[in-house]
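Welcome, and thanks for taking a look at this one. Please load the sequence and the coordinates side by side, and we will walk through the fold together.

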Amino acid sequence: MFMGLLCLTSCELDDYSEPSETFTGKFVDKTTGEGVQTEIGDNGIQLYMYETSYKENPTPWKFTAKQDGTFNNTKVFAATYTVLPYGPFVPLTETDATGAYTKDERLKDYKIKGKSYYEFKVEPFLRLKVVGEPVVRDNKISVTVHIERGTSNAKYQQDCTDVVLFANNSSTYVGNNNYDSRISTFVKGDAAKAAVGSDITITTDDVNKANGTGQKYYVRVGARIDCKTNGVSRYNYTEPLVVNVP
């Protein structure tokens with residue numbers, strides 16, 4: 001009898017419909033309107049969801065954006081949310097020494113039902129733009145990129161610590177989370193600091209030596225400043241490029 005009651009109680013507790021609403025959207029540069037290039041996973045753009053219609057101080061759950069700055073979650077409960085994203089951009093919140101908000105630009109009281117779309121307009125730490133086309137010479141790929149500040153906020157204009165030409169021959173998902181260390185090139189120190197506000201050309205190692213001849217490569221330049229958001233130093237990126245090497 002006891003086991004029967006236990007089973008009945010357990011079944012009743014688990015008898016909830018699965019979440020089926022969709023929260024979709026994009027992170028765009030507030031100035032240019034272009035998508036914020038990032039990487040997949042927690043080192044890219046994270047979205048923390050607080051279901052405020054459930055209780056006053058809910059525990060957040062999170063998901064991440066795609067590498068082009070778009071996001072699409074099809075497993076969301078219909079409810080009202082506060083959404084706090086973290087990424088390679090000026091934080092939407094700031095607090096003082098006591099933990100009180102001195103800046104609060106979270107998405108608040110946002111109702112999700114059916115398919116809900118939202119654009120986050122943010123200020124990227126850095127803005128990267130490829131100049132011209134990649135050049136292949138002596139089995140090496142060279143990319144020229146222009147790097148500039150994405151915000152005039154002096155609090156988020158720390159030195160650039162890394163400029164990297166990430167490369168692989170396996171996937172357009174290329175970046176700090178997926179690159180071939182044998183051919184990717186890292187620029188650090190004074191050269192990285194000096195790259196902001198100018199054009200910089202970065203060249204891979206000999207790709208044929210690493211992978212053989214006749215390969216298609218995916219390359220992407222990333223750069224980051226000496227600033228962490230939610231504990232992570234994040235890269236701003238160019239769009240990925242495809243290069244054929246004979």
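Which order do the strands take in the open sheet of 3 strands? Reading across that sheet, the order is β10-β11-β14, and the pairing is antiparallel. Before going further, keep in mind that this is a predicted model.

Let us stay with this sheet for a moment. Its edges are formed by β10 and by β14, which covers residues 198–203, and each of these pairs on one side only. On average, neighbouring strands of the sheet are turned by 20 degrees against each other, with direction ignored. Strand β11, residues 140–149, runs antiparallel to β14, and 5 bridges join the two. If you would like a spot to centre your view on, pick Val-145, which stands opposite Ile-200 in β14. As you follow the side chains there, a general point may help: in a regular strand, side chains alternate between the two faces of the sheet.

The loop between β10 and β11 holds a residue worth a click, Asp-138. Asp-138 is not a glycine, yet its phi is positive, at about 55 degrees. Is Asp-138 buried or exposed? Its relative accessible area is 64%, and because the cut-off for exposed is over 50%, Asp-138 counts as exposed.

Now step back to the whole chain. The protein chain contains 3 helices and 17 strands. Along the principal axes, its C-alpha atoms fill a box of roughly 80 × 45 × 30 Å. Of the 246 residues in the chain, 44% are buried. If you look at contacts with a separation of 6 or more, 70% of them come from residues 24 or more positions apart.

A second open sheet is a good next stop. This one has 4 strands in the order β3-β2-β5-β8, again with antiparallel pairing. The edge strands are β3 (61–64) and β8 (107–112), each pairing on one side only. From one strand to the next, the twist averages 35 degrees. Inside this sheet, strand β2 (residues 46–51) pairs with strand β5 (residues 79–86) in the antiparallel sense over 6 bridges. To find that pairing on screen, look for Gln-46, which stands opposite Tyr-86 in β5.

Strand β8 also carries a backbone detail, at Asp-109. The phi of Asp-109 is near 55 degrees, a positive value in a residue other than glycine. At 60% relative accessibility, Asp-109 counts as exposed.

From these exposed positions, turn to a strand with a different setting. How many of the 9 residues of strand β12 are buried? In β12, residues 160–168, the count is 8 of the 9, so the strand is largely enclosed by the rest of the structure. Two pairings of β12 can be traced. Strand β15 (residues 215–225) runs antiparallel to β12, joined to it by 8 bridges, and Cys-160 has Ile-225 as its bridge partner in β15. Strand β13 (residues 185–188) also pairs with β12 in the antiparallel sense, over 4 bridges. There, Leu-165 has Thr-185 in β13 as its bridge partner.

Finally, let us visit the pockets. The largest pocket has a volume of about 350 Å³. It is lined by 17 residues, and the closest to its centre are Glu-34, Gln-37, Leu-128, Tyr-237 and Glu-239. Which strand gives the most to this lining? That is β10, with 5 residues, a strand you already met at the edge of the sheet of 3 strands. Both β10 (126–137) and β16 (236–237) supply at least two residues of the lining. By class, the lining residues divide into 7 nonpolar, 5 polar and 5 charged.

The second largest pocket has a volume of about 160 Å³. Its lining has 14 residues, and Lys-30, Leu-92, Glu-105, Lys-121 and Val-122 are the closest to its centre. Here strand β9, residues 115–122, gives the most, with 5 residues. The lining divides into 7 nonpolar and 7 charged residues, with no polar ones. If you plan to inspect either site, the residues listed for each centre give you a place to start your view.

How values were computed:
Residues are numbered from 1 along each chain as its sequence is written. Side-chain values use heavy atoms; hydrogens and water are left out. On a 1 Å grid over the protein atoms alone, a cavity is a set of points where a 1.4 Å probe fits but cannot get out, and a pocket is an open set with protein on both sides within 12 Å along at least five of seven lines; lining residues have an atom within 4 Å of a point. Grid points are joined across faces, edges and corners, and a volume is the space filled by probe spheres set on the points. Ala, Val, Leu, Ile, Met, Phe, Trp, Tyr, Cys and Pro count as nonpolar, Asp, Glu, Lys and Arg as charged, and the others, Gly among them, as polar. Two strands pair if DSSP finds at least two bridges between them. Axes are lines fitted to C-alpha atoms, for helices over the stretch in contact, and angles run from 0 to 180 degrees between N-to-C directions. Buried means under 20% relative accessible area, exposed over 50%, partly exposed in between (1.4 Å probe, protein chains only). Contact means heavy atoms within 4.5 Å.
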